[in-house]
Amino acid sequence: MTGRLPLTLLCLLGTILVGAAPRSGEDLDPIERVREGVRLFEQGEFEAAAAAFSDASVARPEDSLITFDRGSVALAQGDWDRAIELLQEASLARDTPLATRALYNLATLSLVRARELFGERPEDAEEEVMTEGIELLQQAIGRYRDCLRLDPDHGDARHNLELIRMWLKHMRVLWEERARQEKRDQLDAVAFVQWIHEQQTGIRHGSRVMRQRDDTPQRRQSVRDLAAAQRQLEEELPFLVTKVEQLLDQMISQQGAQMTDDQRAQLNGSLDGLVQLVEQTADAMSESELALSERDLVAADPPQRVALEKLDEIFVALAEFGKILGRAIADQEGILKDTRAAAAVEDPDDERSLPDVAYLADRQGEMAHILQGLLFKANGMLPRLEESLAAQPPPAEKPTEDDESNDVTPTEEDPQAKARENLEASIAACQAAVELVPKTLELSDDAATRLGIEGATEEVTALQEEILKLLREIQEKLPKQESSDEQESGDGSEDQPPEDSQSEEQKPQDPSEQDEESPSKDSDPSQSEQEPQEESPGDASKQPISPQQIEALLREAREREDDYRERKKALLQQLGRRKAKKDW
C-alpha cells in the first residue's frame, strides 16, 4: 500500500547495547570472561558469549553489569522471556547509565516482538494481532520515556519514540479506513444507516461529556478527535446514497413488468426524498464538524441532534417491522440503564460526575421517531397480511396415526401450515403494535418531561420499564424464528435489504441475518418470484416495502418532525432549563 511506513524503521536504532567488563580491582578471571563475552557478542557468536557471561555471573552473581550483558545476549538469541527477566533486574541498578541501557534494550525487545507479530503487511493485521501489537508498542513507548527520564540526552531513545508515534498514527489511519471499507462492503442500506446512527450517537455523547470537562490540552485534543470523527462520518454518506439506490433498483427488478409507470415514478420520488434526507444529514454533520473545530461544543449539539433525527427517518423508511421493534427495545433499554446510573451518582457535589439530565430527556423524547415509525409500519402491513391470510388454502385436517395415506413423518413440517401460522402471528404482532404503541408514546413523552424534575427518578424508571414491557409484549407475538432473531441481533446491524420472500435454502446462515425481507446480497430475486408458496418462517411479517409506503412514510416523517419540534419547545419552556431556540 502506497505511503506505508515499514515497521523495520522502528528498529534501525534499536541496536542491542552490551556492557563492558566490570571495573578493575576485582578478580581477573570473571573480568576476562566478560571481556571475552563482549568480543564474542560483537562477532555474532551469541551462544559462546552467553556461556562466557554465565561463567562470570557464577563468580559475581550480584554484579548488575554482568546481569545486563546476559540479558542482552538472551535478547540477541531470541529468548525473550529470559531477556525480560534479566534486563528488568538490570534496570533497577543504582548505576544510572547501566539502568538507562537496560531500559533501552527492553524497549528494543518490545519493538522486535511487535515487528514479528505484525509481519510484512501490518495494515492487514487482524483485530487480535492489532491489539497485542499496539500493547507491545505502548510498552516500548513507556520504556523509552523511562530511559529519557534517566538520560534526557539519549538521542536514539528520543528518535525511536517519535518514530513509533508516527508509525502508530499512520497505521491507525489505515486500520480505520479498512474498517470503514469493510462496513461499506458488508452492510446493506438498513444496517449501514444504523451503523452511521451509532457512530453519530457516539460523537454526540462524547461532545456532551467534553462540555463538563475543564479546558486542558487533553480536552482540546479530544475535541479535535471528535471533529475528525464527524468529518469522517460525513464522508460515509455518499456510500449510503449508493446503497439506497441499489436497494430501490432491486425492488424494481423484483417486480419487473408488474410495476406500472406510476409506481416507478412513485419509487423515484421516494428515492429523491431519501436522498434529500441524506443531504440534510450531511448539512447537519458539516455544521457540527465546524462547531467542533471551533471548540464550540454547545453549538455542536443541535446539528448533531438533527443528524440523528434524519438518520432515524431514513432507517424507519427502509427497515421492516421487526427491525424497527428491535431498535426501539434496544434504545429504550439503553435510556433506562443510563437513567438508573444517573440516579446512583455517589457524589452530587462533583459537577463532573453529575448526569446530563437534559441529554437523557432529549433521548427519551427522541424515542417518538422510532415508535411512530413502528406504528406506521404496523398500520401499513395489516391489510396486506390479512389479504395474504385470506388467500391461503384452508388448513388441512391432521391425519390420524391409523391413516395409511399419511406419508409425512412426524418430524416433517407442513410448509403451508407453517406459513399460515406465521401470518397469524404477524397479524397478532401488528394488531398489538396498533393497540400498544400509542400508549408507549404517551409514556415516553411523560418520562421525558419528568426527567427534568428533581427527585422524580423512580417515577421515570417506572415509566421506562412500562414502555419496555409493552414493546416486549409486541415482540412476543412475532413468529418464533423472527422474534428470536430480533433478540439476538438487537439493532439489526447485520441484516440484509428488504426483498420478496424466499425459501429456506436461500437464507443467510447467520441467525442475525435470517431476515427474509432482507436476503443476502448474492441471492437470486428470480427464485423467490418463482416459488412464492415456499415462504420460510417469519417471512409473512416482512413484506417488501412498496413505493406508496415509502412515500407515505416520508410524508408522515415531515409532519412528525414539525409536531415534535413544537412539543420539544413546549417541554423545554416547561422545564425552564434553557430558552427554546429557533427551529432548524
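# A chat about a helical chain

Trainee: Hi! I clicked on Ala317 to start with. Is Ala317 buried or exposed?

Mentor: Ala317 counts as buried, because its relative accessibility is 1% and the cut-off for buried is under 20%. Keep in mind that we are looking at a predicted model.

Trainee: Got it. Which helix is Ala317 in?

Mentor: Ala317 belongs to helix α12, which covers residues 297-318.

Trainee: And how much of α12 is buried?

Mentor: Of its 22 residues, 20 are buried, so α12 is largely enclosed by the rest of the structure. From its first C-alpha to its last, α12 reaches 32 Å, close to the 32 Å expected at 1.5 Å a residue.

Trainee: How far is Ala317 from Leu274 in space?

Mentor: Their C-alpha atoms are 8.3 Å apart, while in sequence Ala317 and Leu274 are 43 residues apart.

Trainee: What comes just ahead of α12? I noticed Arg295 there, so where does Arg295 lie?

Mentor: Arg295 lies in the loop between α11 (261-293) and α12. Take a look at its backbone: Arg295 has a positive phi of about 60 degrees although it is not a glycine.

Trainee: Is Arg295 buried or partly exposed?

Mentor: Partly exposed, because its relative accessibility is 42% and that class runs from 20% to 50%.

Trainee: Let me zoom out. How many helices and strands does the chain have?

Mentor: The secondary structure comes to 19 helices and 0 strands. The chain has 584 residues, and 48% of them count as buried.

Trainee: What about contacts along the chain?

Mentor: Take the contacts between residues at least 6 apart in sequence: 74% of those join residues at least 24 apart.

Trainee: Now α7, please. How many residues does α7 have?

Mentor: Helix α7 has 32 residues, numbered 155-186. From first C-alpha to last, α7 reaches 46 Å, close to the 46 Å expected at 1.5 Å a residue.

Trainee: Which residues of α7 are buried?

Mentor: Among them are Asn160, Leu161, Leu163, Ile164, Trp167, Leu168 and Met171. Here's a handy background point: an α-helix has 3.6 residues a turn, so residues three or four places apart point the same way.

Trainee: Nice. What do the buried residues of α7 pack against?

Mentor: They pack against α5 (96-118), α6 (127-150), α8 (189-211), α9 (217-234) and α10 (237-255).

Trainee: Is His159 in α7 buried or partly exposed?

Mentor: His159 is partly exposed, because its relative accessible area is 42% and the cut-off for buried is under 20%. The C-alpha of His159 lies 9.7 Å from that of Tyr144, a residue 15 places away in sequence.

Trainee: Switching topic: how many aromatic pairs are there?

Mentor: A search of the whole structure finds 6 aromatic pairs. One of them is Phe118 with Trp167, a tilted pair with 5.3 Å centre to centre and 55 degrees between the planes. That pair links distant parts of the chain, with Phe118 in helix α5 and Trp167 in helix α7, 49 residues apart.

Trainee: Are those two buried or exposed?

Mentor: Phe118 is buried, with a relative accessible area of 5%, and Trp167 is buried as well, at 2%.

Trainee: Which residues form a cluster with Trp175?

Mentor: Phe118 and Trp167 do, and the three form one aromatic cluster.

Trainee: What does Val129 touch, leaving aside its neighbours within four places in sequence?

Mentor: Val129 is in contact with Leu117 and Phe118. Val129 is found in helix α6, and its C-alpha is 6.9 Å from that of Phe118, 11 residues away in sequence. At 23% relative accessibility, Val129 counts as partly exposed.

Trainee: Back to rings. Which ring does the charged end of Arg184 sit over?

Mentor: The ring of Phe239, with the charged end 4.1 Å from its centre. In another case, the charged end of Arg327 sits over the ring of Phe315, 5.1 Å from the centre.

Trainee: Last one! What lines the second largest pocket?

Mentor: The lining has 18 residues, and Glu176, Asp225, Ala228, Ala229 and Gln232 lie nearest the centre. Helices α7, α8 and α9 each supply at least two residues of that lining. The space in the second largest pocket is about 590 Å³.

Key. Residues numbered from 1 in each chain as written. Predicted model: local features only at pLDDT ≥ 70, side-chain atom pairs only at ≥ 80, totals over all residues. Heavy atoms only, no water. Helix = DSSP H or I, 4+ residues; strand = E, 2+ residues; numbered from the N terminus. Expected span 1.5 Å × (residues − 1). Buried < 20%, exposed > 50% of the residue type's maximum accessible area, 1.4 Å probe, protein only. Contact = heavy atoms within 4.5 Å. Phe/Tyr/Trp six-rings, centres within 6.5 Å; stacked < 30°, edge-to-face > 60°. Lys NZ or Arg CZ within 6 Å of the ring centre and 35° of its normal. 1 Å grid on protein atoms, 1.4 Å probe; cavity = no way out; pocket = protein on both sides within 12 Å on 5 of 7 lines; lining within 4 Å. Points joined across faces, edges and corners; volume = space filled by probe spheres on them.
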